[in-house]
Amino acid sequence: MFPDNVKNNELAKRIFLNNLDECLYFPKYFEIETINACNAKCIMCSINDWKKKKTVMRDELFEKFVTEVSGYSDWIETICLNRDGEPTLDKKLAKRVKSLKSIGIKKVTLTTNAQLLSSELASELIDNGLDDIMISIDGIRKETYEKIRVGLNYETVLNNTLQLIKIRNDKNSDMTIRIRLVIIDENRDEVDEWLEYWGGIVGPKDRAYAMPAHSWGSQVMLNGMETQKNIDSKPCVFVFSSIAMHADGQIGLCNVDYDVKYPMGDFIKQSIKEIWNGKEFSRTRELHAMGRKGEIQLCKGCNLWDRKYKENK
């Protein structure tokens, strides 16, 4: 179905497929937004442009999701329990982790700003089987961090993160912890110091890394934001491997389509399988596989999945 060429074959290997046609079976990765509210107004985030209403995913919708993905637990690589919102605002977060682990999902992860990651919640998430957690800390100094992560408290986030590492170690848990810094002009001169600090704290299986900010498909632009030239002929990994579902069941083109400007389907009315093989996703993949993703405005110039990370080795 898809053209047999170097770029498409490289993409297939990247998502653990023998050939790109296998992607049509079912998504391998999911980002499920169980709540779209947030307790911060970060300056590089899309939240400042959201048009959607604050919503918590209804239990019956999440249960429908669990039921469908249960038939593909051997195929699915990862389910991330957040998209645009702050997942720790969801009072049922740990319970949702447990539901996914109970059906055999290999890796359940989430990304948090850690402001609300109390020792009680950290313990509950670990005990319910969370495999991986990523914490965003975008500065080594309080003034830098709080200028970027508006509404959050640096000391609280730092203490909660250090406490999480201790709890994980005390429980002898295999959960991995990733600490991430998003590079923008405001923190660019702190990157090396940040990497040295967090690189010396995380465990041998953990990761501390810095990465350039992205533009949310050219929807959020900041000074100093890096762009990548000549990328429009390269197919994006996301549309061949992943679904990003919002708290109301709406599914957009990808994980930068925060207001679902490119609707792919409605999980309230359809199954994931139907949406994944629907005409909207099919047409999108066709353009990407033919080296024509630049014809889609949201995809034009987007380098979200091709940024270079910096780590302290």
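A salt bridge is a side-chain nitrogen of Lys or Arg within 4 Å of a carboxyl oxygen of Asp or Glu. By that yardstick, Arg141 and Glu190 make one, with N and O 3.3 Å apart. Keep in mind that you're looking at a predicted model. Across the whole structure, a search turns up 22 salt bridges. Here's a quick tour of three of them, followed by a look at strand S4.

**Arg141 and Glu190**
- This pair ties together distant parts of the chain, with the two positions 49 residues apart in numbering.
- Arg141 sits in the loop between strand S4 (132-136) and helix H5 (142-148), while Glu190 sits in the loop between strand S5 (176-183) and helix H7 (191-199).
- Glu190 has a relative accessible area of 1%, so it counts as buried, the cut-off being under 20%.
- Arg141, on the other hand, comes out at 30% and is partly exposed.

**Lys106 and Glu77**
- Lys106 also has a salt-bridge partner, Glu77, and their closest N and O atoms are 3.7 Å apart.
- Here too, distant parts of the chain are linked: the two residues are 29 apart.
- You'll find Lys106 in the loop between helix H3 (93-102) and strand S3 (108-112), and Glu77 in the loop between helix H2 (59-69) and strand S2 (78-80).
- Both ends are partly exposed, Lys106 at 42% relative accessible area and Glu77 at 22%.

**Asp170 and Lys166**
- This salt bridge stays inside one helix: both residues belong to H6 (residues 154-170), four residues apart, or about one turn.
- The closest N and O atoms of Asp170 and Lys166 are 2.8 Å apart.
- Asp170 is exposed, because its relative accessible area of 52% is over the 50% cut-off.
- Lys166, at 46%, counts as partly exposed.
- Elsewhere, salt bridges with shared partners join Lys28, Glu77 and Lys106 into one network.

**Strand S4 and its neighbours**
- S4 is mostly covered, with five of its five residues buried.
- That goes for both faces: Asp132, Met134 and Ser136 are buried on one side, and Ile133 and Ile135 on the other.
- S3 runs parallel to S4, and the two pair over four bridges.
- One of the matches puts Leu110 with Ile133 of S4 as its bridge partner.
- To get from S3 to S4, the chain goes through helix H4 (residues 119-127), making a right-handed β-α-β crossover.
- S5 pairs with S4 as well, again in the parallel sense, over five bridges.
- In that pairing, look for Ser136 opposite Arg180 in S5.

Technical notes. Residues are numbered from 1 along each chain as its sequence is written. This is a predicted model: local features need pLDDT of at least 70, side-chain atom pairs count only at pLDDT 80 or more; totals for chains, interfaces and linings use all residues. Side-chain values use heavy atoms; hydrogens and water are left out. Buried means under 20% relative accessible area, exposed over 50%, partly exposed in between (1.4 Å probe, protein chains only). Two strands pair if DSSP finds at least two bridges between them. A crossover is right-handed if, with the strands pointing away from the viewer, the path from the first strand over the helix to the second runs clockwise.
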